[in-house]
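Here are my notes for your reading of this structure, set out as numbered points. Please keep the sequence and the view open beside you as you go through them.

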Amino acid sequence: MQNLNELLRLAKLAATKAGDEIMKFYAHKGFDDEILAARSTLSESVCGKNGRDFEVNLKTDSSPVTSADLAANAAIFETLKSSQIQICSEEKILGESARTFWLIDPLDGTKDFIEGSGEFCVCIALIEDGRPALGVIYVPVTGEIYSAAKGEPTQKELYKNGSFIPQILAAKERAPQTIISGKRGKNVTAGKLATALNFDIARLSSAIKYCRIAENLAGAYMRYSPSS
């Protein structure tokens, strides 16, 4: 198998290509001029007149899947195939015998994508013997990309004009007194605990919340509802 640095580079490339596909279906008038200018080059047949013309279907668990999810999924599969490592996604579930594989979520935060909040991301991890060996989270709207490999610290970069520009992660001795909770859950425990401890609470969608933890912008993410 290729070394982790090469595989991490490939995963970052796959994530940004998936993000490019997602942004073909997405535009919102609150975004910066660069994103809107880039969208003006896309054909109306792909984007629709308002840049958000996509199909929405429901999966068996009643969660939504859009044309953007499928386009991002295809971009990741196409990019990662050179690694010759099998890929597990919602579109292609692997058997329990798989020991080393890519685990991907092409568009995490589909509801926020549909609503236009910008809180969605692309997630890619390499799993070895049941544990993550590397991971990448890419936020297409901001260009932020977070990555880490086994034994190495988290890196933050800004993906712009085809280049990865290193960013400085917060170097605070203690994390802020902030608890992150999911935006949509009905869980009230996190709010009660934050009030009791005099902590702030921030509500975020998708895996972006883990990036904020890695940046030391919050102390904990609390989830009490079931998770798969």
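What share of the 228 residues in the protein do buried residues make up?

1. Buried residues account for 45% of the 228 residues in the protein, and please keep in mind from the start that what you are looking at is a predicted model. The protein has 7 helices and 12 strands, and the points below take up some of these elements in turn. The accessible surface of the protein comes to about 12900 Å², and 50% of that surface belongs to carbon and sulfur atoms.

2. Before turning to single elements, it helps to ask how contacts are spread along the chain. If you take contacts between residues at least 6 apart in sequence, 52% of them join residues that are at least 24 apart.

3. The next item is a sheet, and a general remark may help you to read it. Strands of a sheet pair through backbone hydrogen bonds, and the pairing is either parallel or antiparallel. In this protein there is an open sheet of 7 strands, whose order is E3-E4-E5-E6-E7-E8-E9 and whose pairing is mixed. Strand E3 (87-88) and strand E9 stand at its edges and have a single partner strand each, so that one side of each is left without a neighbour in the sheet.

4. Within that order, strand E4 (residues 100-108) and strand E5 (residues 121-128) are worth tracing by eye, as they pair in the antiparallel sense over 7 bridges. A useful place to begin is Phe101, whose bridge partner in E5 is Ile127.

5. Is strand E10 (residues 178-182) largely enclosed or left open, and why? The strand is largely enclosed by the rest of the structure, because 5 of its 5 residues are buried. The side chains do not share one direction, for Thr178, Ile180 and Gly182 point one way from E10 while Ile179 and Ser181 point the other way, and all are buried.

6. The pairing of E10 can be followed in two directions. E10 is joined by 5 bridges to strand E11 (residues 200-204), with the two running parallel, and it is joined by 3 bridges to strand E12 (residues 220-222), again with the two running parallel. Ile180 is a good residue on which to check both pairings, since it stands opposite Ala202 in E11 and has Tyr221 as its bridge partner in E12.

7. Asp69 deserves a careful look, as this residue of helix H4 (residues 67-80) is buried, with a relative accessible area of 10%, where the cut-off for buried is under 20%. The side chain of Asp69 makes a polar contact with the side chain of Thr110, at 3.0 Å. When residues up to four places away in sequence are not counted, Asp69 touches Pro106, Leu107 and Thr110.

8. Two loop residues can be read together for their backbone angles, and a general remark comes first. Most residues other than glycine have a negative phi. Asn161, in the loop between E8 and strand E9 (163-167), has a positive phi of about 50° although it is not a glycine, and Asn161 is exposed, with a relative accessible area of 72%. Asn198, in the loop between helix H6 (189-197) and E11, has a phi near 60°, which is likewise a positive value in a residue other than glycine.

9. Asn198 is also exposed, with a relative accessible area of 66%. Although Asn198 and Thr178 are 20 residues apart in sequence, their C-alpha atoms are 9.2 Å apart in space.

10. Another loop residue to find is Gly151, which lies between strand E7 (144-149) and strand E8 (155-160) and is exposed, with a relative accessible area of 78%. The C-alpha atoms of Gly151 and Leu134 are separated by 9.4 Å, while the two residues are 17 apart along the chain.

11. Which residues make the nonpolar surface patch of about 290 Å²? The patch is made by Leu193, Leu197 and Tyr224, and the last of these, Tyr224, is found in the segment after E12.

Methods. Residues are numbered from 1 along each chain as its sequence is written. This is a predicted model: local features need pLDDT of at least 70, side-chain atom pairs count only at pLDDT 80 or more; totals for chains, interfaces and linings use all residues. Side-chain values use heavy atoms; hydrogens and water are left out. Buried means under 20% relative accessible area, exposed over 50%, partly exposed in between (1.4 Å probe, protein chains only). Helices (H or I, at least four residues) and strands (E, at least two) are DSSP runs, numbered from the N terminus. Two strands pair if DSSP finds at least two bridges between them. A polar contact is a pair of N or O atoms within 3.5 Å; within protein, one must be able to donate a hydrogen and the other to accept it, and residues adjacent in sequence count only if both atoms are side-chain atoms. Contact means heavy atoms within 4.5 Å. Patches are made of residues with over 30% relative accessible area and no salt bridge: like charges are joined within 9 Å, nonpolar side chains (Val, Leu, Ile, Met, Phe, Trp, Tyr) within 5 Å. Accessible areas come from the Shrake-Rupley method with a 1.4 Å probe; for residues, only the protein chains shown count as cover. A salt bridge is a side-chain nitrogen of Lys or Arg within 4 Å of a carboxyl oxygen of Asp or Glu.
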